[in-house]
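Student: I have a model open in my viewer and would like to learn how to read its features. Could you walk me through it?

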Amino acid sequence: MSDKGAMTFEGLTKLDFLVNLQTTLPPSIARLLAFAVGSFIVILWFSGVQILIYLASLQKIDRSMYEAARIDGASG
């Protein structure tokens, strides 16, 4: 099955902080770090709509709900 580059981030090799870390860290740790950063970027890229829905729902919570939670003893 070909993903046609959908799960890759080509610009990752050009990020300054990763280039600096790859020159200072051992290769195995540098590869692991690059993989983690790349995975994080791909997750954010494909979950944009879900993040927007979540943020929109947080903005619609009424003040009375916060007040009721405070009265009930809810923590932050």
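Student: Let me start with the surface: which element gives the largest share of the nonpolar patch?

Tutor: Good place to begin, and keep in mind that we are looking at a predicted model. The answer is α3, which supplies 4 residues. The whole patch consists of F40, L44, I51, Y54, L55, L58, I61, M65 and Y66, and together they have about 870 Å² of accessible area. Two or more residues come from each of α2, α3 (48-59) and α4 (63-72).

Student: Take I51 as an example. Where does I51 lie, and how does I51 count in terms of accessibility?

Tutor: I51 sits in helix α3. Buried means under 20% relative accessible area and exposed means over 50%, with partly exposed in between. I51 has 36% relative accessibility, so it counts as partly exposed.

Student: Let me step back to the overall fold. How many helices and strands does the chain have?

Tutor: There are 4 helices and 0 strands, and along the sequence the pattern reads α-α-α-α. Of the chain's 76 residues, 11% count as buried. The chain exposes about 6800 Å², with 66% of that supplied by carbon and sulfur atoms.

Student: How do I read a single helix, say α2: what length does it reach?

Tutor: Helix α2 covers residues 27-46, which is 20 residues. From first C-alpha to last, α2 reaches 28 Å, close to the 28 Å expected at 1.5 Å a residue.

Student: And which residues of α2 are buried?

Tutor: Here is the general idea to start with. An α-helix has 3.6 residues a turn, so residues three or four places apart point the same way. In this case, the buried residues of α2 are A30, A34, V37, G38 and V42. Viewed down the axis of α2, these buried residues fall within an arc of 135°, so they line one face of the helix. On the other side of α2, you will find L32, F35, F40 and I43 exposed.

Student: What covers the buried residues of α2?

Tutor: The cover includes α1 (16-24). While you are looking at α1, pick out L21, which is found in that helix. L21 has a relative accessible area of 29%, so it is partly exposed. You can also check a spacing in your viewer: the C-alpha atoms of L21 and R31 are 10.0 Å apart, with the two residues separated by 10 residues along the chain.

Terms used. Residues are numbered from 1 along each chain as its sequence is written. This is a predicted model: local features need pLDDT of at least 70, side-chain atom pairs count only at pLDDT 80 or more; totals for chains, interfaces and linings use all residues. Side-chain values use heavy atoms; hydrogens and water are left out. The expected span of a helix is 1.5 Å times one less than its number of residues. Buried means under 20% relative accessible area, exposed over 50%, partly exposed in between (1.4 Å probe, protein chains only). The arc is that of the directions from the helix axis to the C-beta atoms. Contact means heavy atoms within 4.5 Å. Patches are made of residues with over 30% relative accessible area and no salt bridge: like charges are joined within 9 Å, nonpolar side chains (Val, Leu, Ile, Met, Phe, Trp, Tyr) within 5 Å. Accessible areas come from the Shrake-Rupley method with a 1.4 Å probe; for residues, only the protein chains shown count as cover. A salt bridge is a side-chain nitrogen of Lys or Arg within 4 Å of a carboxyl oxygen of Asp or Glu.
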